[in-house]
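Work through the exercises below with the sequence and the model open. Each task is followed by a solution in steps.

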Amino acid sequence: MFTETPSQAWSLRYGDQASSLPDLGRFLNHRTVRQYSNEPIPEEVIAGLVAAAQSAATSSNLQLYSMVSVQEPEARKQIAVMCSDQKQIHTCSWFFAFVADHFRLAKAAKEAGQNPAGLDYLEFFTMAAIDAALAAERMVCAAESLGIASCYIGALRNDPVGVRDLLGLPSQTYGLFGLCLGYPAEDAKAEIKPRLKQPAIWFREKYDENPDIAEYNARMKEFYESQGMSGDVDWSMRSGRRVDGNHMSGRDSMLDYVREQGFLKR
Ligand SMILES: Cc1cc2nc3c(=O)[nH]c(=O)nc-3n(C[C@H](O)[C@H](O)[C@H](O)COP(=O)(O)O)c2cc1C
């Protein structure tokens, strides 16, 4: 499954041909998959994927994140419901919650006679979020190299209190996002999604305030139509609605919650 060559994947991403490409293996083939087969991912494979996640770089080796797998059927059902009841959370072989975690380091530091007051700063919250994302994406890349598919779940933040209580998360932790892992279903619909062309993302020396978005909107219109979605609402419009402040799915009080959990005091 998902056997595009790097140059085929490049064309699907950018709508043009790569002049020359290194052998990137599967690195350009990523797509989110939401339909999985019933084949379980063995625990030893998952242990390998966790090792891949932990092999990611981590700021000052602080490792300010944790992962909580949710396999027990009733708990999985509950967490799925908290995450907008998305079907892929029910059906994936493994579900992980990625957690920003200051608790472990604060405890270790105190036990070593240190005062971990710096963790109060936004800086260390940012660090935890970056560390968690890097670990998760390394896990996803490793999974994809084994033919295992994934779907991140930002909806984990829809009900932070529910997630905290279900997973027993202490203070100084915050459930950032979920990750579904599973072998893709035979008939999984998951295309490589076009991205902005490189000059709209990769700026050389100075930021460009006027990248070519119209070009991307035209390609995304075609993509949406190929997926049976309306091409009338282009990427700018669709994405603009996503950030209009009226589609927060319960995440509008996140700042209060995160502070309640002991983060972002300064
Ligand atoms: C942090 C994060 C949270 C996401 N949350 C969800 C989610 O809750 N549900 C979902 O179906 N997809 C979710 N996605 C998947 C994105 O919609 C998807 O990555 C994006 O549309 C690009 O598609 P692609 O991954 O197939 O290239 C999330 C992705 C990321 C990185």
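## Exercises on two domains and their contact

**Exercise 1.** State how many salt bridges there are between domain 1 and domain 2, and identify the residues.

Solution. The model is a predicted one.
Step 1: the count between domain 1 and domain 2 is one salt bridge.
Step 2: Asp16 pairs with Lys197 in a salt bridge.
Step 3: to check the pair, compare its distance with the cut-off of 4 Å between a Lys or Arg side-chain nitrogen and a carboxyl oxygen of Asp or Glu. The closest N and O atoms of Asp16 and Lys197 are 2.8 Å apart.
Step 4: for polar contacts between domain 1 and domain 2, the count is six residue pairs, both residues at pLDDT 80 or more. On the side of domain 1 that touches domain 2, the residues divide into three nonpolar, two polar and four charged.

**Exercise 2.** Give the bounds of the two domains and describe the area buried between them.

Solution. Step 1: domain 1 covers 6–18 + 25–193, and domain 2 covers 195–244.
Step 2: over C-alpha atoms, the domain centres are separated by 26 Å. Nine residues from domain 1 and nine residues from domain 2 take part in the contact.
Step 3: the two domains bury about 780 Å² between them, with 53% of it on carbon and sulfur atoms.
Step 4: Arg13, Tyr14 and Lys193 supply 67% of the area that domain 1 buries against domain 2, more than any other three residues.

**Exercise 3.** List the order of helices and strands along the chain, then test its radius of gyration against that of a compact globule.

Solution. Step 1: the chain has 10 helices and four strands.
Step 2: read from the N terminus, the order is α-α-β-α-α-β-α-α-β-α-β-α-α-α.
Step 3: the C-alpha trace spans about 60 × 45 × 40 Å along its principal axes.
Step 4: for 266 residues, a compact globule would have a radius of gyration near 18 Å; the chain has 20 Å, which agrees.

How values were computed:
Residues are numbered from 1 along each chain as its sequence is written. This is a predicted model: local features need pLDDT of at least 70, side-chain atom pairs count only at pLDDT 80 or more; totals for chains, interfaces and linings use all residues. Side-chain values use heavy atoms; hydrogens and water are left out. Domain bounds come from an automatic or database domain assignment. Contact means heavy atoms within 4.5 Å. Buried area is the accessible area (1.4 Å probe) that two parts lose on being put together, summed over both. A polar contact is a pair of N or O atoms within 3.5 Å; within protein, one must be able to donate a hydrogen and the other to accept it, and residues adjacent in sequence count only if both atoms are side-chain atoms. Ala, Val, Leu, Ile, Met, Phe, Trp, Tyr, Cys and Pro count as nonpolar, Asp, Glu, Lys and Arg as charged, and the others, Gly among them, as polar. Helices (H or I, at least four residues) and strands (E, at least two) are DSSP runs, numbered from the N terminus. The radius of gyration is taken over C-alpha atoms; the globule rule is 2.2 Å times the number of residues to the power 0.38.
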